Amino acid sequence: MSTPAPAPHRPTFDLTRWLPAGRSFLWVLLAFVAGLVLFALVLSAGRKDDSLFRVGTPPTADAPQYAPLPTPLPAQRDTASGMGAPSAQAPGEEEERPRLVETRPAAPPPSLPQAAAPAPSTAPSRPEPLAGQTPAPRYPTQSLRRGESGTVMVRAQIGPDGVPSGVEVANGSGSRYLDRAAVDAVKRWRFRPAMQGGQPTSGTVMVPIEFQAQR
């Protein structure tokens, strides 16, 4: 039986071998500090010499020379400022005077046409019972036996088709039988509807129903 071959040796990286020795590290540190000091000196010297490269004329102590002002004229003379001297006019030429020009007031803008006022709406007419379509109410038997008579005022709401849509007692006769018979009779009536603006509309009408017992 053969023995296995030994594994190859792999080299390891040792950081301590690359670090400088004690004195070498001190020299490197001194060289770095000296480089910083030298860089600072060069930088400060460059700022001082920068003024030599500025473009411009150095200021001088000589004051600028100006031309003397003219001597002012006396104040009593009208022509001191040149405003009092009359202008020369040609012979025969009249002095032009300001004139007042009258201007006419601006014409008012044309008025817009006004919309025609709507015609006043007329009140609707009242419904009216149609002839031949108003059957007489039935006299209640109980009222006949008792001899009850009276007038029932019935309020009826008439629709645009002329058919009563709501019927009720506005003023009773004192007998519930007569009141009920009057309401039932008006419900079977047909009416001419109320008119407004030429069109049929709803309306209310009061219908009196009279009951007279025969003796």
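# Notebook: a first walk through the model

**Entry 1: the overall plan.** I counted three helices and seven strands in the protein. The model I am reading is a predicted one. Starting at the N terminus, I read the elements off in the order α-β-α-β-β-α-β-β-β-β. I then looked up burial and found that 15% of the 215 residues count as buried. For the surface, I noted that the protein exposes about 19,600 Å², with carbon and sulfur atoms supplying 58% of it. I also checked the contacts with a separation of 6 or more: residues 24 or more positions apart account for 67% of them.

**Entry 2: the first helix.** I went to helix α1, which covers residues 22-48 and holds F25. Which residues join F25 in a nonpolar patch on the surface? I found L29, F32, V33, L36, V37 and L41 there. Together with F25 they have about 700 Å² of accessible area.

**Entry 3: two residues of helix α2.** My next stop was helix α2, residues 141-146, where S143 has its place. Is S143 buried or exposed? I noted 0% relative accessibility for S143, so this residue counts as buried. Leaving out residues up to four places away in sequence, I listed what S143 touches: E148, S175, Y177 and L178.

R145 also sits in helix α2. Here I read 74% relative accessibility; the cut-off for exposed is over 50%, and R145 therefore counts as exposed. I looked for a partner far along the chain and picked A213, 68 residues apart from R145. Their C-alpha atoms are separated by 9.4 Å.

**Entry 4: the hairpin.** I moved on to strands β2 (residues 150-158) and β3 (residues 164-171), which run antiparallel and are joined by six bridges. They form a hairpin, and I counted five residues between them. G162 in the turn caught my eye with a positive phi of about 85°. Following the bridges, I found E168 of β3 as the partner of R155. I also saw A156 standing opposite V167 in β3.

**Entry 5: the sheet.** How many strands does the open sheet have? I found three, in the order β3-β2-β7, with antiparallel pairing. β3 and β7 (203-211) stand at the edges with a single partner strand each, so one side of each has no neighbour in the sheet. I looked up the turn between neighbouring strands too: on average it is 25°, direction ignored.

For the β2 and β7 pair, which runs antiparallel, I noted nine bridges. Two of the partners I wrote down are in β7: G203 for I158, and V205 for A156. A156 thus appears twice in my notes, with V205 in β7 and with V167 in β3.

**Entry 6: what lies on the sheet.** Which helix packs on the sheet? I found α3, residues 176-187, touching β2, β3 and β7. The direction of α3 makes about 150° with that of β3.

Last, I sorted the residues of β2 by face. On the covered face I put G150, V152, V154, A156 and I158. On the uncovered face I put T151, M153, R155 and Q157. I jotted a reminder beside this list: in a regular strand, side chains alternate between the two faces of the sheet.

Technical notes: Residues are numbered from 1 along each chain as its sequence is written. This is a predicted model: local features need pLDDT of at least 70, side-chain atom pairs count only at pLDDT 80 or more; totals for chains, interfaces and linings use all residues. Side-chain values use heavy atoms; hydrogens and water are left out. Helices (H or I, at least four residues) and strands (E, at least two) are DSSP runs, numbered from the N terminus. Buried means under 20% relative accessible area, exposed over 50%, partly exposed in between (1.4 Å probe, protein chains only). Contact means heavy atoms within 4.5 Å. Accessible areas come from the Shrake-Rupley method with a 1.4 Å probe; for residues, only the protein chains shown count as cover. Patches are made of residues with over 30% relative accessible area and no salt bridge: like charges are joined within 9 Å, nonpolar side chains (Val, Leu, Ile, Met, Phe, Trp, Tyr) within 5 Å. A salt bridge is a side-chain nitrogen of Lys or Arg within 4 Å of a carboxyl oxygen of Asp or Glu. Two strands pair if DSSP finds at least two bridges between them. Axes are lines fitted to C-alpha atoms, for helices over the stretch in contact, and angles run from 0 to 180 degrees between N-to-C directions.
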